[in-house]
Amino acid sequence: MSSASPVRPGLGVLLVLLASLLWGTTGTAATFAPKVGPLAIGAVALGIGGLLQAVVAGRGLVRALPNLRARWGLVLFGGLGVFAYPLAFYSSMHTAGITIGTVVSLGSAPVFAALLDWAIDRKRPSRRWLLAAALGLAGMAVLSLFGGHAATGGTGQVGLGVGLGLVAGVSYAGYAWAAHRLIGPGVDSRVAMGAVFGLGGLLLMPVLIATGGPLLSSWRTFGVGAYMALVPMFLGYVLFGRALRHVDATTATVLTLSEPVIAAGFAALIVGERLAGGGIVGVCLIGASLVLFALPSGRAKP
């Protein structure tokens with residue numbers, strides 16, 4: 001059994017917020033490599049970053065193999081989430097813009113995380129949760145219909161971007177939930193993240209091989225890929241994995257809702273992205289939803 005360590009919710013909150021700060025830079029960083037497609041950006045970011053997570057887990061991952069093999073379903077579920085998330089997330093930002101892609105991807109994650117709690121851990125949602133989910137869904141509908149921004153010059157692709165963001169949200173909630181469930185006797189946070197992200201990274205390698213040629217076209221594009229893999233994805237998820245020792249998956253996904261604010265700020269200041277009126281309304285509805293999600297919950301612990 002692994003050595004016990006105290007649970008410190010305050011530390012968990014700080015680690016998630018630091019991870020969110022790093023993640024909030026990814027959309028803007030990707031704009032510095034415009035010739036690299038979103039699939040290549042996603043594959044290099046979490047593909048290389050995921051394999052590095054497995055390398056860092058090292059001997060602990062080997063020692064935990066019997067435990068991980070016994071819970072292979074969780075590892076596979078989490079690995080598939082890691083595989084799907086970056087492809088959907090970066091495609092959503094590429095299609096609908098940094099602000100909309102990030103807001104929908106991260107804004108939908110608490111809904112899906114709570115649905116997993118409901119379906120598997122039997123945590124029934126409160127009325128406030130239902131209201132928050134309704135506001136979030138309404139905001140995403142408004143974004144789909146009226147959410148164009150200046151960077152793309154219209155709303156033609158926003159609906160597709162919102163749909164991709166929802167795929168990213170369910171993938172994100174899924175691997176956060178799986179990693180949290182894996183952490184326990186014999187499997188610490190580093191090992192759980194190494195297993196889930198290592199498998200996801202392996203699954204992303206064929207995508208990187210097929211689409212990643214433009215990453216080698218110049219030192220600038222190579223630097224963007226290296227930054228994405230090493231800083232927000234590797235370091236960010238190391239911090240996130242350690243945070244899961246101290247907070248549950250639903251709490252963690254709620255705390256990462258600071259990322260859309262950070263991403264929108266970078267998009268406005270550096271990229272010059274501006275939302276149309278309908279987009280602002282949609283983002284405000286999702287923001288109200290996130291405030292309700294972030295308030296302390298009265299649901300009983302399982």
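Which residues does Thr28 touch, not counting residues up to four places away in sequence? The legends below take up this question and then move to other parts of the chain.

The model is predicted, and local features need pLDDT of at least 70, side-chain atom pairs count only at pLDDT 80 or more, while totals for chains, interfaces and linings use all residues. Residues are numbered from 1 along each chain as its sequence is written, and side-chain values use heavy atoms, with hydrogens and water left out.

**View 1. The whole chain is built from helices and has no strands.** The chain has 13 helices and 0 strands, where helices (H or I, at least four residues) and strands (E, at least two) are DSSP runs, numbered from the N terminus. Of its 302 residues, 52% count as buried; buried means under 20% relative accessible area, exposed means over 50%, and partly exposed lies in between, with a 1.4 Å probe and protein chains only. Contact means heavy atoms within 4.5 Å, and among contacts between residues at least 6 apart in sequence, 88% join residues at least 24 apart. About 13100 Å² of the chain is exposed, and carbon and sulfur atoms supply 71% of that area, as given by the Shrake-Rupley method with a 1.4 Å probe, for which only the protein chains shown count as cover for residues.

**View 2. Thr28 sits in helix α2 and touches residues that include Val271 of helix α12.** Helix α2 covers residues 26-30, and Thr28 counts as buried at 4% relative accessibility. Leaving out residues up to four places away in sequence, Thr28 touches Ile98, Phe266, Ala267, Ile270 and Val271. Val271, in helix α12 (residues 258-271), counts as partly exposed because its relative accessibility is 34%. Together with Phe32, Leu269 and Ile270, Val271 makes a nonpolar surface patch of about 400 Å². Such a patch is made of residues with over 30% relative accessible area and no salt bridge, with nonpolar side chains (Val, Leu, Ile, Met, Phe, Trp, Tyr) joined within 5 Å and like charges within 9 Å; a salt bridge is a side-chain nitrogen of Lys or Arg within 4 Å of a carboxyl oxygen of Asp or Glu.

**View 3. Ala243 is a buried residue of helix α10.** Helix α10 spans residues 219-243, and Ala243 counts as buried because its relative accessible area is 0%. Apart from its neighbours within four places in sequence, Ala243 is in contact with Gly12, Leu15 and Val16. Ala243 and Ala19 are 224 residues apart along the chain, and their C-alpha atoms are separated by 9.4 Å.

**View 4. Gly279 is buried, whereas Ile209 is exposed.** Gly279 belongs to helix α13 (residues 277-294) and has 0% relative accessibility. From Gly279 to Gly139 there are 140 residues in sequence and 8.7 Å in space, C-alpha to C-alpha. Ile209 belongs to helix α9 (residues 189-211) and has 72% relative accessibility.

**View 5. The largest cavity holds about 50 Å³ of space.** On a 1 Å grid over the protein atoms alone, a cavity is a set of points where a 1.4 Å probe fits but cannot get out, and lining residues have an atom within 4 Å of a point. The structure holds 1 cavity of 30 Å³ or more, and the lining of the largest cavity includes Trp23, Tyr85, Tyr237 and Glu259. Helix α5 (72-96) and helix α10 each give two or more residues to this lining, and α5 gives the most, with 3 residues.

Technical notes: On a 1 Å grid over the protein atoms alone, a cavity is a set of points where a 1.4 Å probe fits but cannot get out, and a pocket is an open set with protein on both sides within 12 Å along at least five of seven lines; lining residues have an atom within 4 Å of a point. Grid points are joined across faces, edges and corners, and a volume is the space filled by probe spheres set on the points.
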